[in-house]
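The exercises below are meant to be worked through with the coordinates open. Each task is followed by a solution that goes step by step.

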Amino acid sequence: MRIAVTGSIATDHLMTFPGRFADQLVADQLHTVSLSFLVDNLDVRRGGVGPNICFGMGQLGGSPILVGAAGYDFDEYRAWLDRHGVDTGSVRISEVLHTARFVCTTDKDHNQIGSFYTGAMSEARLIELKAVADRVGGLDLVLIGADDPEAMLRHTEECKARSIPFAADFSQQIARMNGEEIRLLLDGATYLFSNEYEKGLIESKTGWTDEEILSRVGHRVTTLGSRGVRIERAGEPAIEVACPEEEAKVDPTGVGDAFRAGFLTGLSWGVGLERAAQVGCMLATLVIETLGTQEYTLRRAHFMERFTKAYGEEAATQVHTHLS
């Protein structure tokens with residue numbers, strides 16, 4: 001399968017302040033705050049939902065097509081993704097804007113002060129999926145992830161107009177979207193991804209019941225945190241897959257992206273929904289055990305050993321054929 005992943009491309013600049021923000025604030029001067037914090041650490045991480053998902057697919061041996069907008073400072077990030085099996089030929093490079101960036105400082109009480117710079121992400125709305133499809137010889141599935149909201153709507157409309165199967169995955173952007181926008185984004189999707197909280201929010205904002213949403217999408221994929229994932233189809237029994245046992249719980253950031261990477265790769269292998277979800281849960285477990293969204297290493301023998309322990313010999317045999 002030729003799978004394109006649209007979504008934000010960003011870098012995270014994470015700093016640690018050894019004191020407390022609260023100690024630096026003067027109650028009667030909050031209207032004229034002017035503060036500078038001397039930080040101890042700076043951690044620059046590659047991020048954005050599009051690259052996170054594509055990185056995971058590349059680790060599993062896939063060749064995902066990243067679709068999004070980045071700045072003229074993208075060269076190093078592009079080289080990293082290219083080395084890890086990601087097709088970056090459809091990334092739009094802005095001539096005037098930096099790549100989107102999240103800058104955040106955390107104090108000793110785990111309070112945070114952060115800013116998100118949209119930057120080149122705003123140009124994602126200018127990308128035509130037809131040009132992407134023409135370049136790679138057609139698209140079998142497009143995942144429409146959290147990105148510039150206008151880009152998400154345009155990509156969805158184009159998929160519908162060109163009869164390209166798509167997966168709706170608006171995650172972080174759901175908070176700023178209204179019911180009509182969400183209805184447009186999910187109606188006709190082959191897959192609808194969300195976590196449990198987002199599932200309720202989707203129903204609340206759209207005014208559609210769970211049954212009404214299932215009648216409008218092919219599959220509803222809901223991640224359940226430590227309980228794994230549930231896949232629902234109208235008129236069919238739900239499929240539930242548990243998570244493998246964790247060796248450590250280091251950082252949950254990027255776990256959802258890793259699940260999607262494994263699930264989409266499993267679909268491309270043709271191993272079925274349950275197996276695809278198992279691959280997704282196993283990859284997500286590797287991410288939660290690692291600090292950073294793209295810092296894990298997939299060692300195939302280790303991956304299969306843990307996969308076999310979690311899901312059994314039959315499942316492992318089906319997956320091992322593709323992973324090796």
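**Exercise 1. A helix pair**

In which sense, left-handed or right-handed, does α5 pass α6 in their crossing?

*Solution.* The model is a predicted one, in which local features need pLDDT of at least 70 and side-chain atom pairs count only at pLDDT 80 or more, while totals for chains, interfaces and linings use all residues. Residues are numbered from 1 along each chain as its sequence is written, and side-chain values use heavy atoms, with hydrogens and water left out.

Step 1: identify the elements, where helices (H or I, at least four residues) and strands (E, at least two) are DSSP runs numbered from the N terminus; α5 covers 179-186, and α6 covers residues 196-206.

Step 2: fit the axes as lines to C-alpha atoms, for helices over the stretch in contact, with angles that run from 0 to 180 degrees between N-to-C directions; α5 and α6 then pack at an angle of about 115°, with their axes 8 Å apart.

Step 3: apply the handedness rule, by which a crossing is left-handed if the near helix is turned anticlockwise from the far one by less than a right angle, and right-handed if clockwise; the crossing of α5 and α6 is left-handed.

Step 4: list the contact (heavy atoms within 4.5 Å), to which α5 gives G179, I182, R183 and L186, and α6 gives I202, K205 and T206.

Step 5: sort these residues by class, with Ala, Val, Leu, Ile, Met, Phe, Trp, Tyr, Cys and Pro as nonpolar, Asp, Glu, Lys and Arg as charged, and the others, Gly among them, as polar; the contact of α5 with α6 has 3 nonpolar, 2 polar and 2 charged residues.

**Exercise 2. Aromatic pairs and charges over rings**

Determine how many aromatic pairs the structure holds, and work through two of them together with the charges placed over rings.

*Solution.* Step 1: rings of Phe, Tyr and Trp (its six-membered ring) pair if their centres lie within 6.5 Å, and planes under 30 degrees apart count as stacked, over 60 as edge-to-face and the rest as tilted; the structure holds 11 such pairs.

Step 2: take F55 and Y296, whose ring centres are 5.3 Å apart and whose planes stand at 90°, so this pair is edge-to-face. Because F55 lies in helix α1 (residues 49-59) and Y296 in the loop between α9 (273-288) and α10 (300-311), the pair ties together parts that are 241 residues apart in sequence. With buried meaning under 20% relative accessible area, exposed over 50% and partly exposed in between (1.4 Å probe, protein chains only), F55 is buried at 1%, and Y296 is buried at 5%.

Step 3: Y191 and F263 also form an edge-to-face pair, with 5.8 Å from centre to centre and 85° between the planes. Y191 belongs to strand β10 (residues 191-195) and F263 to helix α8 (residues 255-269), so parts 72 residues apart in sequence are tied together. Y191 is buried at 10% relative accessibility, as is F263 at 0%, and one aromatic cluster is formed by Y191, F193, F259 and F263.

Step 4: a charge sits over a ring if NZ of Lys or CZ of Arg is within 6 Å of the ring centre and within 35 degrees of the ring normal. R46 lies over the face of W80 at 3.8 Å from the ring centre, and the charged end of R216 sits over the ring of W208, 3.9 Å from its centre.

**Exercise 3. Positive phi and burial**

Decide whether S163 and S171 are buried or exposed, and give the sign of phi in each.

*Solution.* Step 1: most residues other than glycine have a negative phi.

Step 2: S163 has a positive phi of about 55°, lies in the loop between α4 (149-161) and β9 (166-169), and counts as exposed at 65% relative accessibility.

Step 3: S171 has a positive phi near 25°, lies in the loop between β9 and α5, and is buried with a relative accessible area of 13%.

**Exercise 4. Surroundings of two helix residues**

Find which residues G58 touches and which R260 contacts, leaving out those up to four places away in sequence.

*Solution.* Step 1: G58 is found in helix α1, where 11 of 11 residues are buried, and G58 itself has a relative accessible area of 14%.

Step 2: G58 touches P64, H84 and G85, and its C-alpha atom is separated by 9.2 Å from that of R83, 25 residues apart along the chain.

Step 3: R260, found in helix α8, is buried at 5% and is in contact with I53, D169, F193, S194 and T223.
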